[in-house]
Amino acid sequence: MSISWEIGKEARELDKKPLKERMKIERRSIMRVGYALIFYSVIMIFFYFCL
């Protein structure tokens, strides 16, 4: 029960924030996506030239 209550509490806190604040993406998330794209590109290049 406590987990669902915490989720509800977070949802109420988000409802109080303006739309611009809700859509904000953390810098760490952007960096993770960037690293994933670089890793994907390196793997694709490796397979292109080796296979």
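A residue counts as buried under 20% relative accessible area, as exposed over 50%, and as partly exposed in between. The exercises below apply this scale, among other criteria, to a predicted model.

**Exercise 1. Determine how confident the predictor is in the chain, and where confidence is lowest and highest.**

Solution. Begin with the whole chain: the mean pLDDT is 84, and 92% of the residues score at least 70. Next, turn to the individual elements. Helix H2 (residues 19-22) has the lowest confidence, with a mean of 75. The highest confidence belongs to H3, at 93. As a rule of reading, predicted coordinates should not be read in detail where pLDDT is low.

**Exercise 2. Describe the secondary structure of the chain and decide whether the chain is spread out or compact.**

Solution. First, list the elements: the chain has three helices and zero strands, in the order α-α-α from the N terminus. Second, compare the radius of gyration with the globule rule. The chain has a radius of gyration of 19 Å, whereas the rule gives 10 Å for 51 residues. The value is well over the rule, so the chain is more spread out than a compact globule. Third, consider the extent along the principal axes: the C-alpha atoms fill a box of roughly 50 × 30 × 15 Å.

Two separations add to this description. Ile7 and Ile30 are 23 residues apart along the chain, and their C-alpha atoms are separated by 24 Å. Met23 and Ser41 are 18 residues apart in sequence, with 28 Å between their C-alpha atoms.

**Exercise 3. Establish what share of the chain is buried, then classify Ile30 and Ser41.**

Solution. Of the 51 residues, 0% count as buried. The accessible surface of the chain comes to about 5,500 Å², and carbon and sulfur atoms account for 67% of it. For the two residues, apply the scale given at the start. Ile30, in helix H3, has a relative accessible area of 52% and is therefore exposed. Ser41, also found in helix H3, has a relative accessible area of 37%, so it is partly exposed.

**Exercise 4. Identify the aromatic pairs, assign their geometry, and state the exposure of their members.**

Solution. A search of the whole structure yields two aromatic pairs. Take Phe46 and Phe47 as one of them: the ring centres lie 5.7 Å apart, with 75° between the planes. Planes over 60 degrees apart count as edge-to-face, and the pair is assigned accordingly. Phe46 is partly exposed because its relative accessibility is 47%. Phe47, which is found in helix H3 (residues 27-50), has a relative accessibility of 41% and is likewise partly exposed.

Now take Tyr48 and Phe49. Their ring centres are 5.1 Å apart and their planes stand at 80°, so this pair is edge-to-face. Both Tyr48 and Phe49 are exposed.

**Exercise 5. Name the residues of the nonpolar surface patch and give their accessible area together.**

Solution. The patch is formed by Tyr40, Met44, Phe46, Phe47 and Leu51. Together, these residues have about 590 Å² of accessible area. Membership requires over 30% relative accessible area. Phe46, at 47%, and Phe47, at 41%, illustrate this criterion. Phe46 and Phe47 thus appear both in the patch and in an aromatic pair.

Conventions: Residues are numbered from 1 along each chain as its sequence is written. This is a predicted model: local features need pLDDT of at least 70, side-chain atom pairs count only at pLDDT 80 or more; totals for chains, interfaces and linings use all residues. Side-chain values use heavy atoms; hydrogens and water are left out. Patches are made of residues with over 30% relative accessible area and no salt bridge: like charges are joined within 9 Å, nonpolar side chains (Val, Leu, Ile, Met, Phe, Trp, Tyr) within 5 Å. Accessible areas come from the Shrake-Rupley method with a 1.4 Å probe; for residues, only the protein chains shown count as cover. A salt bridge is a side-chain nitrogen of Lys or Arg within 4 Å of a carboxyl oxygen of Asp or Glu. Helices (H or I, at least four residues) and strands (E, at least two) are DSSP runs, numbered from the N terminus. Buried means under 20% relative accessible area, exposed over 50%, partly exposed in between (1.4 Å probe, protein chains only). Rings of Phe, Tyr and Trp (its six-membered ring) pair if their centres lie within 6.5 Å; planes under 30 degrees apart count as stacked, over 60 as edge-to-face and the rest as tilted. pLDDT is the predictor's confidence in each residue, from 0 to 100. The radius of gyration is taken over C-alpha atoms; the globule rule is 2.2 Å times the number of residues to the power 0.38.
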